[in-house]
Amino acid sequence: MKEMIGALIVVATVLFGCTGVLVAVAFSTKKSRLEILKSLSGMSLGRDRFIGIAQLWASCFQRVFGRTLLAKRQLISIPLYTLLVSLVFFVVWLLDLYLFKNPEHVFNVPPPPNVLQAIKDFYSKGLLVAIAIDCVTIQLTKWSINVGMRRGFGSWRFLWCFSATIALAYLLFSAAVYWFRWSDMSELYAMLPADEVRPTIAFSPLRDVLYSISLFQPVTFIYATSEGFISSYFMPEPILFYCAVTGTLSLLTITVAYQFARGADWLRRLCMGVVSHVGTPRTNAMSVVFMMLLGLVLVPLCLMAIYLAV
């Protein structure tokens, strides 16, 4: 009961305050309202800054990877970019192990075997696949940015390109994860007797995200075979995930910045519309009536809240 009354008081207070603003503006002079409108029309509310951020990010992206789909510079920049992402991941992983998961504070010991195996598996098997994922996602990002520049970053065509880019990037990641898991299982069972029953590797895109968010806990499969339990698969899936994510990060940043710019412009227009439409006799009268009704509702609610508190 107390919570319901408190919520009603909060809602009524907010409405009362908003109505009070309308009444104050309505009772102001016409000259004052015109000055407010002039001031609002000159405000950008951060719109220009957000557009500047989006344009700067798009310019940096195109400078690194080129403007066209067949830009020659990306033959070097994409592999270097993938190597940088992977190196940052492994460095952070090792720092987490030695600084936060090292209660004895011993630094002259090698990393755990699963970490060494994950590094070996990625750079021997996964690096080329990660580069391929980055190559495709970066081309899709270029395509979406070019569409946004021609049609506008709020157009339906750009939103379709944006959605398609995100979906295809995630589909590539899920397909790569499934292939690595299946390949690892096949290599393992190739060393076992031919009549060994092989398990089924499920294609589960939604579950793959949960595994990939656990940055420093790589997925390890334990197979029950005729020779006992065998653990396998040390491919660090988060690297593949973040290769797909960072490839589209520029597109996401540009899109969000432009949406914030549109939101700031919409807020400015809304404020100007409120100021320009209040002031008519009917609006003034309804504002006063509504404010008085809210005041009459607030008084018993506050008294009831005080009674329940005591």
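pLDDT is the predictor's confidence in each residue, on a scale from 0 to 100. Keep that in mind for the views below, since this is a predicted model.

**Figure 1. The whole chain, and how far to trust it.** Let's begin with the overall picture. The protein chain has a mean pLDDT of 74, and 70% of its residues reach 70 or more. Where is confidence lowest, and where is it highest? The low end is helix H1 (residues 2–27), with a mean of 57, while the high end is helix H4 (residues 74–100), at 85. Where pLDDT is low, the predicted coordinates should not be read in detail. As for the layout, the chain comes to ten helices and two strands. Reading from the N terminus, the order of elements is α-α-α-α-α-α-α-β-β-α-α-α. Of the 310 residues in the chain, 37% are buried.

**Figure 2. Two strands, joined by a hairpin.** Here we zoom in on strands E1 (residues 221–225) and E2 (228–232). They run antiparallel, and five bridges hold the pairing between them. How many residues does the hairpin from E1 to E2 pass through? Just two residues make that link. To find your way across the pairing, look for Ile222, which stands opposite Ser231 in E2. Another handy marker is Ala224, whose bridge partner in E2 is Phe229.

**Figure 3. The largest pocket.** This view takes us to a space of about 300 Å³. Its lining is made up of 18 residues, and those nearest the centre are Asp121, Lys125, Asp184, Glu187 and Ser232. Which elements give two or more residues to this lining? They are helix H5 (113–151), helix H6 (156–190) and strand E2 (228–232). H6 has the largest share, with six residues. Sorted by class, the lining of this pocket holds eight nonpolar residues, five polar ones and five charged ones.

**Figure 4. The second largest pocket.** Next up is a space of about 160 Å³. What lines the second largest pocket? Look for Arg181, Thr200, Ile201, Ala202, Ser204, Arg207, Tyr211, Val219, Thr220 and Phe221. By class, that lining has five nonpolar, three polar and two charged residues.

**Figure 5. An aromatic pair between two helices.** The structure holds twelve aromatic pairs, and this close-up picks out the one formed by Phe65 and Tyr81. Why is this pair called edge-to-face? The ring centres are 5.6 Å apart and the planes sit at 90 degrees, so the pair counts as edge-to-face, a label that goes to planes over 60 degrees apart. The pair also ties together distant parts of the chain, with Phe65 in helix H3 (residues 47–65) and Tyr81 in helix H4, 16 residues apart. Are these two residues buried or exposed? Phe65 and Tyr81 are both buried.

**Figure 6. An aromatic cluster.** Now for a gathering of rings: Phe89, Phe90, Trp93, Phe122 and Tyr123 form one aromatic cluster. Within this group, Phe122 and Tyr123 make an edge-to-face pair, with 5.1 Å from centre to centre and 85 degrees between the planes. These two partners are worth looking at one by one. Phe122 has a relative accessible area of 0%, so it is buried, a term for residues under 20%. Tyr123 comes out at 30%, so it is partly exposed.

**Figure 7. Two aromatic residues of helix H6.** The last view follows H6, the helix where Trp160 and Tyr170 both have their place. Is Trp160 buried or exposed? Its relative accessible area is 56%, so Trp160 is exposed, given that the cut-off is over 50%. Tyr170 has a value of 22%, so Tyr170 is partly exposed. Each of them also has a partner worth spotting. Trp160 and Ser144 are 16 residues apart in sequence, and their C-alpha atoms are 8.9 Å apart in space. For Tyr170, look to Phe241: 71 residues separate the two in sequence, while the distance from C-alpha to C-alpha is 7.9 Å.

Conventions. Residues numbered from 1 in each chain as written. Predicted model: local features only at pLDDT ≥ 70, side-chain atom pairs only at ≥ 80, totals over all residues. Heavy atoms only, no water. 1 Å grid on protein atoms, 1.4 Å probe; cavity = no way out; pocket = protein on both sides within 12 Å on 5 of 7 lines; lining within 4 Å. Points joined across faces, edges and corners; volume = space filled by probe spheres on them. Helix = DSSP H or I, 4+ residues; strand = E, 2+ residues; numbered from the N terminus. Nonpolar A, V, L, I, M, F, W, Y, C, P; charged D, E, K, R; others polar. Pairing = 2+ DSSP bridges. Phe/Tyr/Trp six-rings, centres within 6.5 Å; stacked < 30°, edge-to-face > 60°. Buried < 20%, exposed > 50% of the residue type's maximum accessible area, 1.4 Å probe, protein only.
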